[in-house]
Amino acid sequence: DAIDIYHEESVDDFEKLSALPDTKTKGIVKSALKRLPWLVLLLALSLPIAIVTTRFEEVITTVAVLAIFQPLILDAGGDVASQTLAVTLRILSKKDSKKALKNGGKEILAGLINGIALGLVAGVVSFIIAKVLKVEQPLNVSLVVFISLALTVAIGPIFGLFIPLILKKMKIDPAVASSPFITTLIDITSVIIYFGCATLLLGVF
């Protein structure tokens with residue numbers, strides 16, 4: 001009985017994190033209609049990312065190689081934020097906000113260390129790719145990737161910690177709303193950091 005209850009709770013938490021209303025719904029049409037509102041909301045939340053990206057259209061056009069590394073920057077920040085979110089939600093499920101904050105300090109420090117490490121690796125790889133493609137200012141391109149990835153991965157745990165805490169204060173279930181908000185905020189922040197660094201370091205104005 002205890003295992004069955006634990007299984008049901010785990011399924012419920014997974015559904016909330018994935019923005020799924022009910023995975024037990026029978027019928028294709030009924031299942032699709034239940035998921036549609038969340039998908040529309042996530043689509044609406046993604047629009048600011050497209051708007052922000054268009055602001056840096058000149059940068060992308062001038063230094064086309066930057067487009068190669070954009071998915072890397074966006075995905076890394078989201079992955080780290082999701083890890084911190086999972087840990088924070090697990091602690092919050094035990095109704096312990098103070099412990100979540102205390103553990104959050106470790107998560108943020110870990111994010112900073114991982115950000116620098118990942119940034120160094122990505123910087124070296126991007127330098128090699130830029131050299132192979134005969135891109136101008138390959139060192140500056142690698143610096144853009146290094147700084148952007150390091151900052152994005154370092155910022156990810158901050159979103160993963162504070163967004164669920166703020167939602168809980170607002171009496172909103174953090175498990176339901178945290179994931180889409182964090183994904184959108186991380187993506188917008190990553191785009192601004194990435195192309196902002198490119199504008200400064202590559203002299204594209």
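Which residues is Gln-70 in contact with, leaving aside its neighbours within four places in sequence? Keep that one in mind, everyone, and I'll come back to it in a moment.

First, some housekeeping. What we have here is a predicted model, where local features need pLDDT of at least 70 and side-chain atom pairs count only at pLDDT 80 or more, while totals for chains, interfaces and linings use all residues. Residues are numbered from 1 along each chain as its sequence is written, and side-chain values use heavy atoms, with hydrogens and water left out.

On confidence, the protein chain has a mean pLDDT of 79, and 82% of its residues reach 70 or more; pLDDT is the predictor's confidence in each residue, from 0 to 100. Among the elements, helix H1, residues 2-17, has the lowest mean pLDDT at 64, and helix H6, residues 138-169, has the highest at 89.

Now the overall picture. There are seven helices and zero strands in the protein chain, and the pattern along the sequence reads α-α-α-α-α-α-α. Helices (H or I, at least four residues) and strands (E, at least two) are DSSP runs, numbered from the N terminus. Of the 205 residues, 39% count as buried. Buried means under 20% relative accessible area, exposed means over 50%, and partly exposed is in between, using a 1.4 Å probe and protein chains only. As for contacts, meaning heavy atoms within 4.5 Å, residues 24 or more positions apart account for 75% of those with a separation of 6 or more.

Back to the opening question. Gln-70 is in contact with Thr-53, Val-191, Tyr-194 and Phe-195, once neighbours within four places are set aside. Gln-70 has its place in helix H4, and it counts as buried at 17% relative accessibility. Its partner Thr-53 belongs to helix H2, residues 28-54. Thr-53 also counts as buried, at 18% relative accessibility. Beyond four places in sequence, Thr-53 is in contact with Ile-60, Gln-70 and Val-191. And here is a pairing from far along the chain: the C-alpha atoms of Thr-53 and Phe-195 are 142 residues apart in sequence and separated by 8.4 Å.

Let's move to the helix packing, starting with H5 and H6. Helix H5 covers residues 97-132, and its axis comes within 7 Å of the H6 axis, crossing at roughly 160°. Axes are lines fitted to C-alpha atoms, for helices over the stretch in contact, and the angles run from 0 to 180 degrees between N-to-C directions. H5 and H6 are therefore roughly antiparallel to each other. For the cut-offs, angles under 35 degrees count as roughly parallel, over 145 as roughly antiparallel, 65 to 115 as roughly perpendicular, and the rest as oblique. H5 passes H6 in a right-handed crossing; a crossing is right-handed if the near helix is turned clockwise from the far one by less than a right angle, and left-handed if anticlockwise. By class, the contact of H5 with H6 has 24 nonpolar, nine polar and three charged residues. Ala, Val, Leu, Ile, Met, Phe, Trp, Tyr, Cys and Pro count as nonpolar, Asp, Glu, Lys and Arg as charged, and the others, Gly among them, as polar.

How do H4 and H6 pack? Helix H4, residues 66-92, meets H6 at an angle of about 30°, with the axes 8 Å apart. That makes H4 roughly parallel to H6. This crossing is right-handed, and by class the contact has 19 nonpolar, seven polar and one charged residues.

For a residue to look at on H6, try Pro-157. Pro-157 is buried, with a relative accessible area of 0%. Not counting residues up to four places away, Pro-157 touches Val-80, Ala-81, Thr-84, Glu-107, Ile-108 and Gly-111.

H4 and H5 complete my packing list. Their axes come within 10 Å and cross at roughly 165°, which makes H4 roughly antiparallel to H5. The crossing of H4 and H5 is right-handed.

Last stop, the loop between H5 and H6, where you will find Lys-134 and Gln-137. Lys-134 has a positive phi of about 55° although it is not a glycine, and Gln-137, also not a glycine, has a positive phi of about 55°. Lys-134 counts as exposed at 74% relative accessibility, whereas Gln-137 counts as partly exposed at 37%. Thanks, everyone!
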